[in-house]
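Please read these points with the model open beside you. They are meant for someone who has not looked at this entry before.

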Amino acid sequence: MTEHPGSAERPLRVAIVGAGPSGFYAAAALLKERGRTTIDLFDRLIAPHGLVRYGVAPDHQNIKAVAKLYDRTIADPAVRYFGNVDVGRDLTHADLKSHYDAIFYTTGAQSDRRLGIPGEDLPNSLSATEFVAWYNGHPDFRDLAVDLSCEAAVVVGVGNVAMDVARILAKSVEELQETDIADHALAALAQSRVKDIYVIARRGPAQVKFTNAEVREMGHLAIADPIVLDSELRLDHASSAAIEGDTAMQKNLDYLRAYVEIGATGKPRRVHFRFLLSPAEILAENGRIVGVTLEKNELRAAVTGEIKASGTGQYEILPAGLVLRSVGYKGIPLEGVPFDRRNGVIPNEVGRVIDLDTGKVVAGEYVAGWIKRGPNGVIGTNKPDAIESVNNFFEDLHKGRLALAPDPSLEAIPALLAARGVRYVTKEEWLVIDAHEVAAGKPQHKPRVKLVERAQMLALLKG
Ligand code: NAP
């Protein structure tokens, strides 16, 4: 073995934990040192692609198409895939340190932020994270109890995830059936009685987080009208000043103003945009949600210049039977890896993991994506983010700063997993599942019919 990993005899061994967008972008960037690096890509789930498969809305197939690029990366002979392997349970941090020269954590943000209000944990008060995973066929959320027998739903937050969940509730079965929405979700949505969907912003229309395409789509729904109150679109002085020259925000406002003009056209469902309201309590009778108490807010400019919502002490009750809390995702800790609980990220300096006790860089450990910078940006944002971390890894490699693996053999990890009885899924097996799903979708004009249960997927591989 040479002293310098990165040669044909002693290739660099890199583990990537999390086969979502940032994991794939990190892998692609690492492959630039082709012939000198071998990569093992791990995922807790059987299927790779992370948020592209389980987060991006099923009616946004154009965004999901990026998975084709990920397939090219995974097909590279220098990349192995270990699906159905839970790092932290099936493999420890110490295992990874023994067998890899470098580890990239690309685990995303798997949990959600809380509102911290009474009633938040009532049945049918769901985080958008759960609801999105449910309609996208995430195996852990197959049995989520979603009751769509009420007439009104409240969506808290005005980011793109709020737009996704509101739109899925507002769309007809016809609009959804040629997507890859999970069969169980389509069946439940087909029986939905939800007619009014209230999207609630705690700040004003000049502080929304959604983007132009998402608000524009609301004006093109087959069976739902977007409803906006003229009185809530008036901007205060500070907001007007803050968005001067912000063409994207001006465009958002143009769409919202157009919806005021058009008003209700008589479609059977409505998506109401409401501003300057914060949920104060989720109300229930006999254990069932009956409404949400909302506090009216006003805007105040903080000394930092940020425009913040401040409660006025005036309340209104919005009757509703379903609450979807879409106030942001949050990362979760990984065994043996530093974690910044406040921000829900792995502490890092431009992608190099930092030990919180010493403030020093942890040799050979890196992050990319949402677990590095927090849950913001679109799928493509993760590409430059991952490249930045990989470039720092290469710099560390060339300056001899890595802690090299004592046992870098290719056989070690498969042997360890086999000894522990872990049924890992290889990339060849993933291709079998992928081909099966796509073939099942063809007769129904769907991009694929997702296999949802782990057991179903493993049974297919056995057969
Ligand atoms: P987000 O964009 O950060 O939006 C979160 C929303 O929740 C904001 O409106 C925020 O309001 C609100 N909020 C936070 N805490 C709240 C509280 N306590 N009470 C009331 N409201 C609260 O997050 P996201 O929608 O989860 O999206 C995550 C990222 O994924 C974003 O970058 C998004 O663009 C991206 N994404 C993109 C697409 C797409 O490209 N089609 C689809 C889905 C997601 P404040 O602004 O007042 O904090």
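The points below take the domains, then the ligand, then a set of strands.

1. The model is predicted, not experimental. Its chain is divided into domain 1, made of residues 12-110 and 330-425, and domain 2, residues 114-327. Domain 1 is thus written as two segments, with the numbers of domain 2 falling between them.

2. Taken over C-alpha atoms, the centres of domain 1 and domain 2 are 33 Å apart. Where the domains meet, domain 1 supplies 13 residues to the contact and domain 2 supplies 18 residues.

3. How many residues surround the ligand? There are 23, and the closest are Val158, Arg202, Arg203, Glu214 and Gly377. Both domains take part: domain 1 and domain 2 each give at least three residues to this shell. Among the elements of the chain, helix H7 (residues 160-170) gives the most, with three residues.

4. By class, the shell around the ligand holds 10 nonpolar residues, seven polar ones and six charged ones. A reader colouring the site by residue class should find that mixture.

5. Three polar contacts are worth locating. Arginine 202 places a polar side-chain atom 2.7 Å from an oxygen atom of the ligand. Glutamate 214 has a side-chain N or O atom 2.7 Å from a nitrogen atom of the ligand. At glycine 377 the backbone is involved: one of its N or O atoms lies 2.7 Å from a ligand oxygen atom. Taken alone, the ligand exposes 930 Å², and the protein buries 84% of that.

6. Strand S11 (residues 277-285) pairs with strand S12 (residues 288-301) in the antiparallel sense, over eight bridges. Glutamate 285 stands opposite arginine 288 of S12. The hairpin formed by S11 and S12 has two residues between the strands, and asparagine 286 takes a positive phi near 50° there.

7. S12 is also joined to strand S13 (residues 307-319), by 10 bridges, and this pair too runs antiparallel. Which residue of S13 is the bridge partner of glutamate 295? The partner is tyrosine 315. In the hairpin of S12 and S13, five residues lie between the strands, and glycine 305 has a positive phi near 100°.

8. For a first look, start with arginine 202 and glutamate 214, whose side chains have the polar contacts to the ligand described above. Then follow S12, which pairs with S11 and with S13.

Definitions and conventions:
Residues numbered from 1 in each chain as written. Predicted model: local features only at pLDDT ≥ 70, side-chain atom pairs only at ≥ 80, totals over all residues. Heavy atoms only, no water. Near = heavy atom within 4 Å. Polar contact = N/O pair within 3.5 Å; in protein donor to acceptor, adjacent residues only side chain to side chain. Areas by Shrake-Rupley, 256 points an atom, 1.4 Å probe, with all protein chains shown as cover. Helix = DSSP H or I, 4+ residues; strand = E, 2+ residues; numbered from the N terminus. Nonpolar A, V, L, I, M, F, W, Y, C, P; charged D, E, K, R; others polar. Domains from an automatic or database assignment. Pairing = 2+ DSSP bridges. Contact = heavy atoms within 4.5 Å.
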